[in-house]
Amino acid sequence: MQRVRRDDHVQVISGKDRGKSGRVLAVWPREDRVLVEGLNIATKHRRVQRTRAGAQEGGIIHEEAPLHLSNVMPICDTCDKPTRVGSRVVDGVRVRICRACDAEL
Ligand SMILES: [Zn+2]
C-alpha cells in the first residue's frame, strides 16, 4: 500500500528542508519519490529561448525536485503530527491508519 498519496500533507524529515511541510503534487511509487509543493527547490539553468509570441523563456529557474519517500512523513489530521503509516482492512477495503493515534489517514 502506498504510504504517501497525492494531496497528502507531508513533513520533510531530512535534508535542507527538514522540518518544513507541504502538499504532495505527484508520487512515483516505483521510484519511491514524491514531489512536494514549494520544497526541495532546485536551481536549474535553461537555455534562453524566444517563444513564437516574442516572450523570453529560460535562464535561471527555480523548481521543485523530487524527494525520496523515506525522507517524508504524512501529517495526521487528527493528532497533527508527522506519523508512521499502518494499514487495516475496514469493510473489505484496506485503509491507512496513523500509528500514533489510530485514526484513518
Ligand atoms: Zn494521528
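## Exercises on a predicted model

The side chains of Asp17 and Lys20 meet in a salt bridge, with 2.9 Å from N to O; a salt bridge is a side-chain nitrogen of Lys or Arg within 4 Å of a carboxyl oxygen of Asp or Glu. This is a predicted model, in which local features need pLDDT of at least 70 and side-chain atom pairs count only at pLDDT 80 or more, while totals for chains, interfaces and linings use all residues. Residues are numbered from 1 along each chain as its sequence is written, and side-chain values use heavy atoms, with hydrogens and water left out.

### Exercise 1: salt bridges

Work out whether Asp17 is buried or exposed, and then find which residues form salt bridges with Glu63.

Step one is to fix the terms: buried means under 20% relative accessible area, exposed means over 50%, and partly exposed lies in between, using a 1.4 Å probe and protein chains only. Asp17 has a relative accessible area of 9% and is therefore buried, whereas Lys20, at 42%, is partly exposed.

Step two turns to Glu63, which forms a salt bridge with Lys44, where the closest N and O atoms are 3.1 Å apart. This pair links distant parts of the chain, since Glu63 belongs to strand β5 (residues 56-64) and Lys44 to strand β4 (residues 41-50), 19 residues apart; strands (E, at least two residues) and helices (H or I, at least four) are DSSP runs, numbered from the N terminus.

Step three adds Arg46, which also forms a salt bridge with Glu63, at 3.7 Å between the closest N and O atoms. Arg46 lies in strand β4 and Glu63 in strand β5, so the pair ties together parts that are 17 residues apart in sequence. Glu63 is partly exposed at 25%, Lys44 is partly exposed at 32%, and Arg46 is partly exposed at 44%.

Step four widens the view: the whole structure holds seven salt bridges, and Asp7, Arg23 and Glu37 are linked in a network of them.

### Exercise 2: the zinc site

Determine which atoms coordinate the zinc ion and what geometry its site has.

Begin with the donors, which are N, O and S atoms within 2.8 Å of the metal (3.2 Å for Na, K and Ca); water is not among the atoms, so sites may look incomplete. The SG atoms of Cys76, Cys79, Cys98 and Cys101 coordinate the zinc ion at 2.2 to 2.3 Å.

Next, look at the angles among the four donor atoms, which run from 104 to 115° and make the site tetrahedral, a label given to four donors if all angles lie between 85 and 135 degrees.

Finally, read the donors along the chain, where they follow the spacing C-x2-C-x18-C-x2-C. Cys76, in the loop between β7 (72-74) and β8 (85-90), and Cys98, in strand β9 (residues 93-98), are 22 residues apart, and both Cys76 and Cys98 are buried.

### Exercise 3: Arg96

Find where Arg96 lies and which side chain it joins in a polar contact.

Start with the position: Arg96 lies in strand β9, and with a relative accessible area of 5% it is buried.

Then consider its partner, because a polar contact of 3.0 Å joins the side chains of Arg96 and Asp8; such a contact is a pair of N or O atoms within 3.5 Å, where within protein one must be able to donate a hydrogen and the other to accept it, and residues adjacent in sequence count only if both atoms are side-chain atoms.

Note on methods
Four donors count as tetrahedral if all angles lie between 85 and 135 degrees; four count as square planar and six as octahedral if opposite donors are over 155 degrees apart and all others between 65 and 115; anything else is irregular.
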